[in-house]
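Subject: A model to look at

Hi there,

Here is the structure I promised to pass on. Could you open it next to this message while you read my notes?

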Amino acid sequence: MTDRTPKRSGARRRPAPSDMRERRPRPQGAPAREGSPAYPQGRPVRRPDTAPMQDTAPKKKKKKKNKFLVVLKKIGAAIVTTMLSLLLVMIITGTIVATALTIYVLDFMEESTSVTFATLESGSDTYFYGTDIDEETGEEKLIVLNHIKTDVQRIPITIDKIPQDVRNAFTCTEDERFYSHDGVDYKRTFSAFLNMFLHFYDTEQGGSTITQQLIKALTGDDEHSMQRKIREIFSAMQLEKTYSKDEILEEYLNYIAFGGPVNGIQLASTRYFGKDVQDLTIPEAAVLASIPKSPEYYGPKVETYDEEGNIIVDGEANNKIRQRYVLWQMYKNGVITYDEYQEYLNTKIIYTWSPEYKELHPEVDLEELETEQKTYTWEVDAMMYEAADIVQKQFNLETQQEAIERINKGGYRIYSTTDRKMQKYVEEKMLDINNLMDRGFVARWVDLDNDGEVEEEIPHVAFVALRYDGSVMCQVGNVGPKVGSLSTSYAVTEPRQIGSTVKPITTYGLALETDLIHWGSVRTDKPIMEVNGKPWPSNYSESSAVSISNQQYNIYYFLQKSFNTVPAQLCQELTPKAVFKFATENMGMMLDPDDESYSPLSIGALTWGITLENLVNAYIPYGNLGVYNEAHIISKIEDGSHKVIYSNDGNARQAVSAETAYVMNRLLKNVIDQGTGTGARLNYKVLVGKTGTSENWQNLTFVGLTRDFVSGVTIGYREYNDSLQLPTSLHSSEVWKRIIGEYADTMFMDTPVDFERCPTVIDAPMCTSTGCIAGANCPKGITGYWKSSNAPPCDGAHYVAPDPSTVDPNAGGGGNAPADPNAGGGGDVPADPNAGGGGGDVPADPNAGGGGWVDPNAGGGGDVPADPNAGGVSEW
């Protein structure tokens with residue numbers, strides 16, 4: 001068998017047989033092949049019977065490994081692995097912490113984004129705004145009626161009026177890098193942080209910039225914590241983005257504390273030096289710049305003693321030391337020279353309490369110098385009272401005074417609805433009572449306090465005018481020059497008795513709304529009960545003679561002449577409960593619960609009375625097709641951020657139907673044309689209204705409505721006393737006309753003369769026999785007005801046998817007793833007293849002359865005896 005030549009290293013090997021076919025067993029004794037287990041593949045095999053191979057590589061010696069290095073490598077690998085693991089853990093932990101910290105910080109950033117001067121000024125002045133007409137453009141413009149300084153004393157001043165030297169004194173001392181940082185002085189902040197632990201400085205080093213101090217002072221956020229500092233830093237950065245440096249410095253100098261109640265640079269200048277900030281010297285500016293660090297320690301007027309009388313804190317001496325530091329800072333920052341620095345160190349400071357100042361300025365009154373006390377106008381008074389009621393409800397405060405104090409803390413912007421032209425006109429009219437009535441005619445000399453000395457009592461006169469949306473056009477709380485602020489206002493705050501002006505908004509109103517009565521309904525003048533053996537109610541004349549005629553009249557006439565009997569009858573039929581509900585819920589009257597009784601609801605003998613504004617407000621539906629809007633002098637209130645926190649557009653609602661409102665409007669027109677209100681009649685505009693008089697003529701009222709506005713007047717003495725009675729010949733309708741008649745008649749020439757009519761109301765002549773809509777053969781009287789739901793036509797069958805109970809055998813007047821009102825033509829019938837002609841002996845119109853019974857209330861009306869169970873005075 002021929003030997004095969006061994007393959008050289010690197011030669012390509014043929015595929016193993018096993019790759020191509022099944023391996024066969026080697027014959028016994030046969031030499032093993034290369035690549036077989038006997039010959040390791042890739043190594044030359046030396047056969048015993050052959051010569052050694054010439055190209056076989058020599059065998060290398062195996063090196064021994066260093067065990068120390070091996071161990072060291074393993075230890076190093078373990079350390080590196082551990083360090084990498086720790087680093088990874090730290091990275092993951094750091095990421096989590098950074099994420100949490102970012103969210104935490106973003107929360108503070110979100111809080112800080114809302115910080116503006118407007119919100120900070122919630123402790124600033126409150127402004128009352130009104131509107132006026134620009135004389136050049138004829139357009140409305142916003143004007144400041146008044147502004148109330150916060151109870152923290154300060155006098156605001158703009159930055160342009162603060163000298164640069166004064167500004168330098170504060171910036172060099174409190175924040176020398178003020179004009180270069182973005183709200184935070186990181187160098188100073190870091191230094192202050194380290195000082196907390198390492199105590200580089202003898203005292204606690206502050207790191208707050210002027211911007212940060214401003215935020216802290218105005219927000220009141222003085223918590224000693226890291227959270228507060230973070231909030232402060234982000235707020236400062238946000239403020240710097242929003243406002244200029246001058247704006248921030250102005251705000252700061254107006255709000256920092258200078259000791260006690262003194263805040264702001266202007267007031268501090270006045271208090272300490274008796275001069276305006278523009279006149280301060282650099283040494284004086286340095287004195288003021290020394291105070292804010294600690295007003296209770298550096299305030300020049302601070303003196304604190306121990307129990308033994310030894311001085312503990314000498315503010316003036318402490319301020320002198322601090323002043324030197326301020327001057328040094330000004331020199332160090334290059335705003336004064338070294339020579340000036342030396343000069344100012346030795347300049348004598350003269351304070352307002354020093355003998356030197358008093359000798360130099362004997363004429364100066366510091367209180368007058370600080371502020372001129374201004375009396376609120378009637379308009380601002382009314383706005384304050386209304387705002388206080390709003391704030392009291394909104395913040396659930398216990399008293400109105402708490403609300404006023406909250407308003408005085410400032411920041412509110414309160415907007416008025418007043419018509420400035422009308423307000424000025426009425427105020428001028430009411431400056432002198434002689435413009436309205438003869439002072440000597442109404443003055444009374446009485447001893448009210450029983451001290452033996454009589455004093456002059458002049459009646460009050462108040463006036464209110466409202467638009468039909470409820471907004472106040474004008475209000476004056478009393479006659480004569482206004483004295484003081486938040487005075488008693490008989491227009492908006494002081495309840496008074498209202499007399500017969502109650503009738504249209506109680507009994508007549510509900511009876512008309514429910515179709516219990518219509519324009520011509522026939523009623524009998526008779527009482528509903530006896531009180532103490534006397535008929536109640538009765539119609540009192542000016543001579544106090546009881547007058548009950550037992551005659552029949554139409555509803556329009558009973559209201560025209562202000563009878564008391566029919567309203568009482570209506571109240572009895574409707575029930576006091578229903579009438580009270582109508583008056584309070586529909587007409588908005590603010591009645592006392594005890595007013596749910598006959599006397600208050602029928603004749604106006606209220607327990608306490610209501611305000612003139614509330615009375616006038618209740619008449620709005622009768623000039624507005626039944627729509628009621630609540631009276632308001634404030635249109636809206638904004639907080640310091642200009643966010644509207646309250647607004648009022650009248651909150652319109654339907655109080656009575658449009659038909660009821662228009663029929664009542666025509667009934668009230670008849671009062672002006674032919675009844676107790678003739679003294680208010682206008683020349684051009686249609687006026688409707690109602691008069692009222694309280695017991696013993698202590699109060700007179702009148703409410704008048706034109707197409708343009710509704711208004712009212714109240715006249716009376718401040719106390720109820722038998723010696724205080726108004727003259728019976730004084731008529732409220734005439735006083736109303738003297739106040740506003742000419743204005744109402746001539747200042748609204750571009751609006752309709754009469755009211756908008758309700759198209760469904762029927763107007764037609766009234767049958768004088770039945771009070772129904774007259775037919776072709778009926779005796780026709782006054783034109784009447786009927787709701788479509790209650791407009792009965794007369795059927796012409798006029799004659800009915802008379803009811804003996806309606807015949808008053810003692811009734812004055814000629815002819816027979818009142819006959820059956822249904823009698824046709826002629827005869828003795830209760831004719832329309834205002835109709836020209838008509839049946840024979842009839843109760844005549846007292847203003848027309850002639851026979852028949854005369855209404856004792858004509859030309860001024862009278863009193864009625866009060867319901868003894870009503871708890872109030874009687875009125876007609």
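Let me start with one residue: Glu 719 is partly exposed, at 35% relative accessibility. On this scale, buried means under 20% relative accessible area, exposed means over 50%, and partly exposed is what lies in between, with a 1.4 Å probe and protein chains only. Before going on, please note that this is a predicted model, in which local features need pLDDT of at least 70 and side-chain atom pairs count only at pLDDT 80 or more, while totals for chains, interfaces and linings use all residues. Residues are numbered from 1 along each chain as its sequence is written, and side-chain values use heavy atoms, leaving out hydrogens and water.

**Salt bridges**

Glu 719 has a salt bridge to Arg 718, with 3.2 Å between the closest N and O atoms. The term stands for a side-chain nitrogen of Lys or Arg within 4 Å of a carboxyl oxygen of Asp or Glu. Arg 718 is itself partly exposed, its relative accessible area being 43%.

Which residue besides Glu 719 meets the side chain of Arg 718 in a salt bridge? That is Glu 457, at 3.0 Å from N to O. This pair ties together distant parts of the chain, 261 residues apart: Glu 457 belongs to strand 7 (residues 455-457), and Arg 718 to the loop between strand 22 (710-716) and helix 27 (732-746). Helices (H or I, at least four residues) and strands (E, at least two) are DSSP runs, numbered from the N terminus. Unlike the partly exposed Arg 718, Glu 457 is buried, at 6% relative accessibility.

The search of the whole structure gives 20 salt bridges. Another of them joins Lys 482 to Asp 381, at 2.8 Å from N to O. Here too the partners come from distant parts of the chain, 101 residues apart, with Lys 482 in the loop between strand 9 and helix 20 (507-513) and Asp 381 in helix 16. Is Asp 381 buried or exposed? It is buried, at 1% relative accessibility. Helix 16 covers residues 378-394. Leaving aside residues up to four places away in sequence, Asp 381 touches Tyr 376, Lys 482, Ser 485, Leu 486 and Ser 487, a contact being heavy atoms within 4.5 Å.

**An open sheet**

Strand 9 also takes part in an open sheet of five strands, which run in the order 9-8-22-21-20 with antiparallel pairing. Strand 9 (472-476) and strand 20 (688-693) are at the edges with a single partner strand each, so one side of each has no neighbour in the sheet. From one strand to the next, the twist averages 10°. Two strands count as paired if DSSP finds at least two bridges between them.

Strand 8 (residues 460-466) pairs with strand 9 over four bridges, in the antiparallel sense, and Leu 466 stands opposite Val 472 in strand 9. Helix 18 (residues 420-429) packs on the sheet, where it touches strand 8 and strand 9, and its direction makes about 20° with that of strand 9. Helix 26 (residues 658-674) packs on the sheet as well, touching strand 20 and strand 21 (699-705), at about 65° to the direction of strand 20. The axes behind these values are lines fitted to C-alpha atoms, for helices over the stretch in contact, and angles run from 0 to 180 degrees between N-to-C directions.

**Inside and outside**

Eight of the eleven residues of helix 8 (residues 245-255) are buried, so the rest of the structure largely encloses this helix. Among them are Lys 245, Glu 251 and Asn 254.

On the surface, Val 71, Ile 75, Ile 79, Met 83 and Leu 86 make up a nonpolar patch with about 470 Å² of accessible area together. Patches take residues with over 30% relative accessible area and no salt bridge; like charges are joined within 9 Å and nonpolar side chains (Val, Leu, Ile, Met, Phe, Trp, Tyr) within 5 Å. Ile 79 lies in helix 2 (residues 67-112) and is partly exposed, at 47% relative accessibility.

**The protein as a whole**

There are 27 helices and 24 strands, and 48% of the 876 residues count as buried. The protein exposes about 44,000 Å², of which carbon and sulfur atoms supply 52%; accessible areas come from the Shrake-Rupley method with a 1.4 Å probe, and for residues only the protein chains shown count as cover.

Happy browsing, and all the best!
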